[in-house]
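User: I would like to learn how to read the packing of helices in a structure. Could the case be taken step by step?

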Amino acid sequence: MDILSSKIISKNIKKYRSKSKLSQDQLARKANVPYSTYLKIESGYTSNPSIQTLINIAEALDCSIYDLVKKGA
């Protein structure tokens, strides 16, 4: 995954988290992802999050993994 892809994922996660009215900590807990890991993904710092982590985040946000990775979501 390249930098552009990580920025797309970051942007989409922020959008869906905002819609869900969850804090970063609340979402990390709900997704069963360590807070520090979650912060790196949402900030775009992690260029290659695991598929399982993205699945956990998508489920916590009640969206699909595709929603998190698609451009222009």
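**Helix packing**

Analyst: The model shown is predicted. We begin with handedness: helix 2 passes helix 4 in a right-handed crossing.

User: At roughly what angle do the axes of helix 2 and helix 4 cross?

Analyst: One compares the directions of the two axes. Here helix 2 (residues 24-31) and helix 4 (residues 51-61) cross at roughly 110°, and their axes come within 8 Å. Angles of 65 to 115 degrees count as roughly perpendicular, so helix 2 is roughly perpendicular to helix 4.

User: Which residues of helix 2 and helix 4 meet?

Analyst: A contact is read from both of its sides. Helix 2 contributes Leu27, Lys30 and Ala31, which meet Asn56, Ile57, Ala60 and Leu61 of helix 4. Sorted by class, this contact of helix 2 with helix 4 holds five nonpolar residues, one polar and one charged.

User: How are helix 2 and helix 3 packed, and at what angle?

Analyst: The reading follows the steps above. The axes of helix 2 and helix 3 (residues 35-43) lie 9 Å apart, and the packing angle is about 115°. These two helices, helix 2 and helix 3, are therefore roughly perpendicular to each other. The crossing of helix 2 past helix 3 is right-handed.

User: Which residues of helix 2 meet helix 3?

Analyst: Gln24, Asp25, Leu27 and Ala28 are the helix 2 residues, and they meet Tyr35, Tyr38, Leu39 and Glu42 in helix 3. By class, the contact of helix 2 with helix 3 divides into five nonpolar, one polar and two charged residues. Leu27 meets residues in helix 4 and also takes part in the contact with helix 3.

Methods: Residues are numbered from 1 along each chain as its sequence is written. This is a predicted model: local features need pLDDT of at least 70, side-chain atom pairs count only at pLDDT 80 or more; totals for chains, interfaces and linings use all residues. Side-chain values use heavy atoms; hydrogens and water are left out. Axes are lines fitted to C-alpha atoms, for helices over the stretch in contact, and angles run from 0 to 180 degrees between N-to-C directions. Helices (H or I, at least four residues) and strands (E, at least two) are DSSP runs, numbered from the N terminus. Angles under 35 degrees count as roughly parallel, over 145 as roughly antiparallel, 65 to 115 as roughly perpendicular and the rest as oblique. A crossing is left-handed if the near helix is turned anticlockwise from the far one by less than a right angle, and right-handed if clockwise. Contact means heavy atoms within 4.5 Å. Ala, Val, Leu, Ile, Met, Phe, Trp, Tyr, Cys and Pro count as nonpolar, Asp, Glu, Lys and Arg as charged, and the others, Gly among them, as polar.
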